[in-house]
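Here is a quick tour for someone meeting this structure for the first time. Have a look at the picture, then read on.

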Amino acid sequence: MNTKLSHLFKSVVVMSMIGGLLTGCLSEPDFEPVEEGSGIEISLDGSIKQIATKVTAEGFETGDALGLYAVNYENNNQTPGTLLAEGNQADHIKYIFNFETYQWIPVKKVYYKDVNTNVDLYVFYPHAEPASVEAYNFEVQKDQSKAKTTTSLGGYEASDFLWAKTSGAEYGRPVTLTYGHLMAGVQVVLQKGEGFTDTEWSKLPKIVSVDNTIRKAVVNLEKGTVTADGAYDQNVILSDEGASYRGVVVPQTVEAGKSIIGVTIDGVSYSYTTSSNGQFHRHGSHFEDAKTEPSDNSVESHSRCHVSHADDIR
């Protein structure tokens, strides 16, 4: 799996909390209506706002599917309409990405109501048909090390959630659409401690996880907000990207004294804890006075941890 990781870290173990994988931005292609037949079709284009993207260095891949809502303005085009689960100008219409042509292809074409009616456009990934737009239930995957197949997303990819909105899109005029990540990103880099050769270290089995976390979330598709929902009794196994371990978690506060990151190296488990409340959030996660301790209280020999804030890895 390709990633946008372009930073190397020199501490023995560096954990970088990328806030929602959000900060930084690529160029933003236009999202513009395209005339076809007697109507003006809504045609998608855009970029992901990010340090690290949903999956690949290019962003979206062939087969990725977005959902689109189009909401008409009301009162002689003076007032934005209200996003509904059903009954909008367009309801969760699926657009499938073709990387070869770099186009989003709708399974059903969507048109503006008329030349005088503006629309608000709401776009989200991955595609679904939510029963509620105010409280859409979403869950990040427990095992994000699970690989992608020809028929399903991998655990890491399936845990990402992208959202975009453009307000007052006018008939015949180009508008900009930029997707942002609503979840928080976690990146952990392991480097060998003393007593190992490079060959020995590379062969040791390693598992990295986020501990004491909430995996379920409630997403407001109108506002682009997410709220953790559930108990802090879950863990997430991170994806091994070769140079680092990466995962996606629901934005949330982590209670002081709790294990935040678990690392198992050659059967020896370590827990990463903080002495004060920490946060996973979209705009830069923050943990103070964090340290790593072997779970069996033995002398630590494999690694130590250091926290870098989101600003440190731009």
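Let's start with a side chain reaching a backbone: a polar atom in the side chain of Asn220 lies 2.9 Å from the backbone nitrogen of Lys223. Bear in mind as you read that this is a predicted model. Asn220 itself belongs to strand β16, which covers residues 216–220. Is Asn220 buried or exposed? Its relative accessibility is 13%, so Asn220 counts as buried. If you skip the neighbours within four places in sequence, Asn220 is in contact with Val133, Glu134 and Thr225.

Next up is Glu139, which you'll find in strand β10 (residues 136–139). With 33% relative accessibility, Glu139 counts as partly exposed. Which residues does Glu139 touch, once neighbours within four places in sequence are left aside? They are Arg215 and Lys216. With Arg215 there is a polar contact between the two side chains, at 2.9 Å. Glu139 also has a C-alpha atom 9.1 Å from that of Val249, though the two residues are 110 apart along the chain.

Now for the rings. How many aromatic pairs does a search of the whole structure find? It turns up 11. One of them is Phe60 with Phe97, a tilted pair. Phe60 sits in the loop between β5 (47–49) and β6 (65–72), while Phe97 is in strand β7 (residues 90–98), so this pair ties together parts that lie 37 residues apart in sequence. Phe97 has a second partner in Phe99, and that pair is edge-to-face because the planes are at 65°, where anything over 60 degrees counts as edge-to-face. Here are the two pairs side by side:

| Pair | Centre to centre | Angle between planes | Arrangement |
|---|---|---|---|
| Phe60 and Phe97 | 6.1 Å | 50° | tilted |
| Phe97 and Phe99 | 6.4 Å | 65° | edge-to-face |

How covered are these three rings' residues? Phe60 is buried at 6% relative accessibility, and Phe97 is buried at 3%. Phe99, on the other hand, is partly exposed, with a relative accessible area of 35%. Phe60, Phe97 and Phe99 belong to one aromatic cluster that also takes in Trp104, Tyr125 and Tyr179.

Another ring has a charge for company: the charged end of Lys206 sits over the ring of Trp201, 4.7 Å from the centre of that ring.

Time to step back and take in the whole protein. It has 1 helix and 26 strands. Of its 314 residues, 50% are buried. The accessible surface comes to about 14,700 Å², and carbon and sulfur atoms account for 45% of that. What about links across the sequence? Counting contacts between residues at least 6 apart in sequence, 69% join residues at least 24 apart.

Last stop, the inside. In soluble globular proteins, nonpolar side chains tend to be buried together. Here the largest nonpolar core holds 42 residues, and the members touching the most others are Phe161, Met183, Leu221 and Ile261. A separate core of 22 residues lies apart from it, with Tyr95, Trp104, Val119 and Leu162 among its members. You've met one of those names already: Trp104 is also part of the aromatic cluster with Phe60 and Phe97.

Terms used:
Residues numbered from 1 in each chain as written. Predicted model: local features only at pLDDT ≥ 70, side-chain atom pairs only at ≥ 80, totals over all residues. Heavy atoms only, no water. Phe/Tyr/Trp six-rings, centres within 6.5 Å; stacked < 30°, edge-to-face > 60°. Helix = DSSP H or I, 4+ residues; strand = E, 2+ residues; numbered from the N terminus. Buried < 20%, exposed > 50% of the residue type's maximum accessible area, 1.4 Å probe, protein only. Lys NZ or Arg CZ within 6 Å of the ring centre and 35° of its normal. Polar contact = N/O pair within 3.5 Å; in protein donor to acceptor, adjacent residues only side chain to side chain. Contact = heavy atoms within 4.5 Å. Areas by Shrake-Rupley, 256 points an atom, 1.4 Å probe, with all protein chains shown as cover. Core = buried A, V, L, I, M, F, W, Y, C linked by side-chain atoms within 4.5 Å.
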